[in-house]
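Me: I'd like to learn how to read the core of a fold. Could you walk me through this one?

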Amino acid sequence: WPDALFEMAMAHRGETLERDESKYMYYLKEAAGLGHPDAQRMLGINDKRQEDENMNPHYITLAASQSNSKACGMLGHFF
């Protein structure tokens, strides 16, 4: 179930379907809320991604606690 929601988010990101930011965020938040680590990591990153202050450590920590290697590496930006 969380995987399907995550895939719907990715589809609305603009790679498969026309980009729809509201649907992208809706499905991403739903997947993250159900514990999908990639969705949690992606919610922790602002779309701009270039500035560390745009990152939300809460979601990245949730993803890292599930051994998401990318999220674990990102935690270093906060310390």
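Reply: Sure, starting with the surface. Accessible areas here come from the Shrake-Rupley method with a 1.4 Å probe. The model is a predicted one, and its chain exposes about 5,100 Å², with carbon and sulfur atoms supplying 51% of that.

Me: How much of the chain counts as buried?

Reply: Buried means under 20% relative accessible area. By that cut-off, 34% of the 79 residues are buried.

Me: And what is the secondary structure made of?

Reply: Five helices and zero strands, so to speak an α-α-α-α-α run from the N terminus on.

Me: What should I look for in the interior?

Reply: In soluble globular proteins, nonpolar side chains tend to be buried together. In this chain the largest nonpolar core has twelve residues, including Leu5, Phe6, Met10, Tyr24, Leu28, Met42 and Leu43. Helix 1 (2-15), helix 2 (21-33) and helix 3 (37-43) each give two or more residues to this core. Helix 2 supplies the largest share, five residues.

Me: Is there another core, and which residues are among its members?

Reply: Another core, of seven residues, lies apart from the largest one; Ile60, Ala64, Ala71 and Leu75 are among its members.

Me: Back to Leu43: which residues is it in contact with, leaving aside neighbours within four places in sequence?

Reply: Leu43 is in contact with Met25, Leu28, Lys29, Ala32 and Tyr59. Leu28 and Ala32 also belong to the twelve-residue core.

Me: And for the chain as a whole, how do I read contacts over sequence distance?

Reply: Take contacts between residues at least 6 apart in sequence: 34% of them join residues at least 24 apart.

Conventions. Residues numbered from 1 in each chain as written. Predicted model: local features only at pLDDT ≥ 70, side-chain atom pairs only at ≥ 80, totals over all residues. Heavy atoms only, no water. Core = buried A, V, L, I, M, F, W, Y, C linked by side-chain atoms within 4.5 Å. Buried < 20%, exposed > 50% of the residue type's maximum accessible area, 1.4 Å probe, protein only. Helix = DSSP H or I, 4+ residues; strand = E, 2+ residues; numbered from the N terminus. Contact = heavy atoms within 4.5 Å.
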